[in-house]
Amino acid sequence: MVPTDLRYTKDHEWVRVDGDEATVGITEYAAGQLGDIVFVELPDAGRALEQFATFGVVESVKAVSDLFAPVSGEVLATNEALTGSPELVNADPHGGGWMIRIKLAKPEEVDELLDAEAYDVLTAAG
Amino acid sequence: MLATLGIGGVDELFADIPAPLRASRLDLPEPEPELQLAARLEGLAGKNRTNLASFLGAGVYRHWTPAAVDQLLLRGEWYTAYTPYQPEISQGTLQSIYEYESLIAELMALDVVSASHYDGAAATAEAALMTCRATRRQRVLVSRAVHPHYRQTVQAYFGGLEVEEIPVVAEGPESGTTDLAALERLLADPDRPVAGVVAGQPNFFGLLEPMAAIGRLAHGARALFVAVVEPVSLAVLAPPGEYGADIAAGEGQPLGIAPQYGGPYLGLLASTDALVRQIPGRLVGMTTDLDGKRAFVMTMRAREQDIRRDKAASNICTNQALLALAASIYVATLGPHGLRDVAALGAARAAELEAALAGVGVGRLHPGPYLNEFAVRVPSARDVHRKLLDRGVLAGLALADIEPDEPSLADALLVCATEVTTSEEIARFASGLEDILSGRPPVGVEAGAGAERTRHGRHAAEGQPESAPEPAPTRVRA
């Protein structure tokens, strides 16, 4: 099972909530499907995101995919380590491969996201 | 097949094209025997005047192309409509594109060059769109001194985005160049942040722009700076990378491609490394294969339309491989010194042209520095242009033909010279102009034939001097 302390989107992003801040990345399943990730394009800090709006782009050797914000809020920080080492997303998707931190604008949005069990059902169904 | 598609007729497939725009019937003449048809086509081709002394530039320039360029282009290996996606069978094509990119990158002093676009106008529009994607802003400022066709092309590409024109200075030493004070004002609007500023070097009037200053103003407003350049000029002018351009676009035609009417031409597009993922089209990179040997591959493929669909960097997913190859062979054949000679000789010929025209009382429209093209003030320019054509001289472009709504350009000709311009042609232009302006009649009915003789026989039959830096005296043939 995927980590139970995270919430998930149908687009395969995860979110970890800590107080009024959320950390966002893509799931191990998504990273595996994309293959070797070669580039991650992330927003500047300070940008306001709407829930499910595009916040960046992840590029693997075979595809380029948009990244969707699981929750609304202002971007507090991005994972600068990904600029030089995008492979962190494959190596440690739920940890060192995190992408952005968001100041939660609508904390209630988190409750709408999938829990670990529901996400496992989603990915098992393919 | 219609039944499978669930449609009643072929017409339904074209439903998206408005009915008045659809061809109902092809209006073709009756078939003719091949012999007769060939004669008719030769007659049509004979209407082309290839013996003119041409001073026409305006974005397309005549240069001498070494015979090696066309000869190498004839090799059958280059003729393929196939995109070299599979590196294992396309090393030759991929290497030729890689070398093109490397040569243009050196000319531009920028990091990344695309595998080419349709023409300079298309490349400029793509550059403008790049600035919007990179900055997430929607407003682009284009100098009015950028080629009018390029500005129109940018407008055509910019559905939903804003394009605004930066005026040019009307009077004084900077007249004809981008108005920096106006640019500063346009950049200052906090509610409408600017994505990119586009200016040409040399600009449409042939004048040199204060590119570094334009770039500083753009960057001060966190906008990107796009330089529209003429590639031969880069052998003697500062390249875009040196004056802070983030993106450079230009027409590659002067690099070994004939000035064929309307194309096919070659769109040059280069950028800094920071914008590598915004550059549209394809890029070819060098890498090593499994055995550690040098290999060429398409890179950044994942950004193209067949993979990214509507999110692609451009909806144009092709390149001008054969013409890019022509440019590569041309640049490689001339080498850096040869290219510098071409640019410097063109500038010297243009200075000679300026002096010859001044000698018959025709002065420049703008006082600023130029390289090999400039506008001159001529009353009734379109009429004079037509009369010079009767005398075998193509007197550049009557600016009113391309900018009819600009009163300041009503009485002006845009003229250029390159290394192929001869002193005799310059003298012919100046004396023809003098005749026309002083109301003298044309030299005679055989003007066209005379023009051809001078071109091939260099006036030997007429006993004229080969070079005539001073305006030749009025000649009236008996």
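How many residues of domain 1 of chain B are in contact with domain 2 of chain B? Select the two domains, 67-329 and 335-462, whose bounds come from an automatic or database domain assignment. You'll find 17 residues of domain 1 in contact with 20 residues of domain 2, contact being C-beta atoms, placed from the backbone, within 7 Å. On the domain 1 side that's eleven nonpolar, five polar and one charged residues (Ala, Val, Leu, Ile, Met, Phe, Trp, Tyr, Cys and Pro count as nonpolar, Asp, Glu, Lys and Arg as charged, the others, Gly among them, as polar). The C-alpha centres of the two domains of chain B sit 30 Å apart.

A word on what you're viewing: this is a predicted model, where local features need pLDDT of at least 70 and side-chain atom pairs pLDDT 80 or more, while totals for chains, interfaces and linings use all residues. Residues are numbered from 1 along each chain as its sequence is written, with chains lettered from A and ligands numbered from 1 in the order written.

Next, pick 373-377, 397-398 and 412-416 of chain B. These are β11 and β13, plus β14 (strands are DSSP E runs of at least two residues, helices H or I runs of at least four, numbered from the N terminus; pairing takes at least two bridges found by DSSP). They make an open antiparallel sheet, ordered β11-β14-β13. β11 and β13 each have a single partner strand, so one side of each lacks a neighbour in the sheet. Five bridges join β11 to β14; zoom in on B:Glu373, whose bridge partner is B:Cys416.

Finally, show chain A: six residues of chain B contact seven of chain A.

How values were computed:
Contact = placed C-beta atoms within 7 Å.
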